[in-house]
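Biologist: I'm new to this one, so could you take me through its empty spaces, and dwell on the cavities? I'd like to hear what lines each of them.

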Amino acid sequence: MKIYINGEYYGRADARVSVFDHGLLYGDGVFEGIRIYNGKVFKLKEHIERLYHSAKAILLEIPISKGKLGKVVLNTVRINEKENGYIRLVVTRGDGLLGIDPTTCNKPTIIIIVDDIKLYAEEYYKNGIEIITASSRRIPSDCIDPRIKSMNYLNNIMAKLEAKQAGCLEAVMLNIEGFVAECTGDNIFIVKNNELSTPAPYHGALDGITMQTVIEIARFLDIKTHETTLTRYDLYNADECFMTGTGAEIIPVIKIDGRLIGNGKPGAITRRLIKRFQKLHVA
Ligand code: PMP
């Protein structure tokens, strides 16, 4: 494994950052998770765009151009000889003094890891997954905009732990108004009367690239999609439900807080979307 850090490649054991890096000390940084399917990096342009938008929002200037960074990502994939896998692209504020002041950090740290990923066992894609509502809420949009994919995941991690303690693998998070925001590392969709709905980003959802891909597929299949307001009632009474994310892909949800969704099996529209999604990755 060859890991890129600021222009150099290192083996797994030697790939290190400073203990004074504000990414480590304060979670000050942004990142992307990107898939490689059949030798091609999926939606690279979209991920690079989102990374630069996240960085701009936190006043972090990435010291190389989007085009150059895209090439470095592709080169790192090539060097690692990965046909299928996952890229973690991280830009931290960099090495600085103790104290949160980011102006003490002179140079952002750019890290690219190319590895494998398997978030959920195959059976969940086939049979669906059970989730709970977490009591940990999504950070309000007027504190940190949810479209910033930052290195601050602690409230999502707390929600994930709640899921695990309840014997589930994932949790849905509400915003502070009690509306559905997203899952801890995925967006959430419901199907009701053959139409798709997902919470709008201002309710606390990341503007997911898989979510946008699903919306594109739905448009192609003539399925109406709404970016809207959802409550737990809407989830419980949905005909179908699924989560989307780069790591998770599209995963059917069949039970939420003990309520069966639809007939308790992955729904027809979910299965259609999964099929089309997989077709996008054929070499
Ligand atoms: N929400 C959160 C909180 C995430 O971390 C992610 C990415 N894992 C997503 C949604 C899904 O976004 P994407 O489809 O761009 O991976």
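Modeller: First, a word on terms: a cavity is a set of grid points where a 1.4 Å probe fits but cannot get out, a pocket is an open set, and a lining residue has an atom within 4 Å of a point. Keep in mind, too, that this is a predicted model.

On to the cavities. The structure holds 2 of 30 Å³ or more. In the largest cavity there is about 40 Å³ of space. Its lining is made up of Arg35, Tyr37, Phe42, His47, Ile209, Thr210, Thr246 and Phe277. Two elements, β3 and α6, give two or more residues each to that lining. Sorted by class, the lining residues of the largest cavity are 4 nonpolar, 3 polar and 1 charged. So where does this cavity sit? It lies between domain 1 (2–115) and domain 2 (122–280), because both domains give residues to its lining.

Next comes the second largest cavity, with a volume of about 30 Å³. Glu240, Cys241, Pro252, Val253, Ile254, Ile261, Lys265, Pro266, Gly267 and Thr270 form its lining. Strands β13 and β14 (249–256) each put in at least two of these residues, and β14 has the largest share, with 3 residues. The class split for the second largest cavity is 6 nonpolar, 2 polar and 2 charged.

Now for a space that is open. The largest pocket holds about 850 Å³. It is lined by 42 residues, and those closest to its centre are Phe31, Lys149, Tyr153, Thr184 and Gly185. By class, 16 of the lining residues are nonpolar, 16 polar and 10 charged. Several elements supply at least two residues each: strands β3 (29–37), β5 (85–92), β9 (180–183) and β13 (240–245), plus helices α5 (154–165) and α6 (209–220). Helix α5 makes the largest contribution, 4 residues. Domain 1 (2–115) and domain 2 (122–280) each provide at least three residues of the pocket lining.

Finally, there's the ligand. It has 16 residues around it, and the closest are Tyr153, Glu182, Ile209, Thr210 and Thr246. You've met some of these names already: Tyr153 is among the residues closest to the centre of the largest pocket, while Ile209, Thr210 and Thr246 help line the largest cavity. Looking at single atoms, Tyr153 has a polar side-chain atom 2.4 Å from an oxygen atom of the ligand. For Thr210, an N or O atom in the side chain is 2.6 Å from a ligand oxygen. Arg50 also has a polar side-chain atom by a ligand oxygen, with 2.8 Å between them. As for cover, the ligand taken alone exposes 390 Å², and the protein buries 93% of that.

Key:
Residues are numbered from 1 along each chain as its sequence is written. This is a predicted model: local features need pLDDT of at least 70, side-chain atom pairs count only at pLDDT 80 or more; totals for chains, interfaces and linings use all residues. Side-chain values use heavy atoms; hydrogens and water are left out. On a 1 Å grid over the protein atoms alone, a cavity is a set of points where a 1.4 Å probe fits but cannot get out, and a pocket is an open set with protein on both sides within 12 Å along at least five of seven lines; lining residues have an atom within 4 Å of a point. Grid points are joined across faces, edges and corners, and a volume is the space filled by probe spheres set on the points. Ala, Val, Leu, Ile, Met, Phe, Trp, Tyr, Cys and Pro count as nonpolar, Asp, Glu, Lys and Arg as charged, and the others, Gly among them, as polar. Domain bounds come from an automatic or database domain assignment. A residue is near a molecule or strand if one of its heavy atoms lies within 4 Å of it. A polar contact is a pair of N or O atoms within 3.5 Å; within protein, one must be able to donate a hydrogen and the other to accept it, and residues adjacent in sequence count only if both atoms are side-chain atoms. Accessible areas come from the Shrake-Rupley method with a 1.4 Å probe; for residues, only the protein chains shown count as cover.
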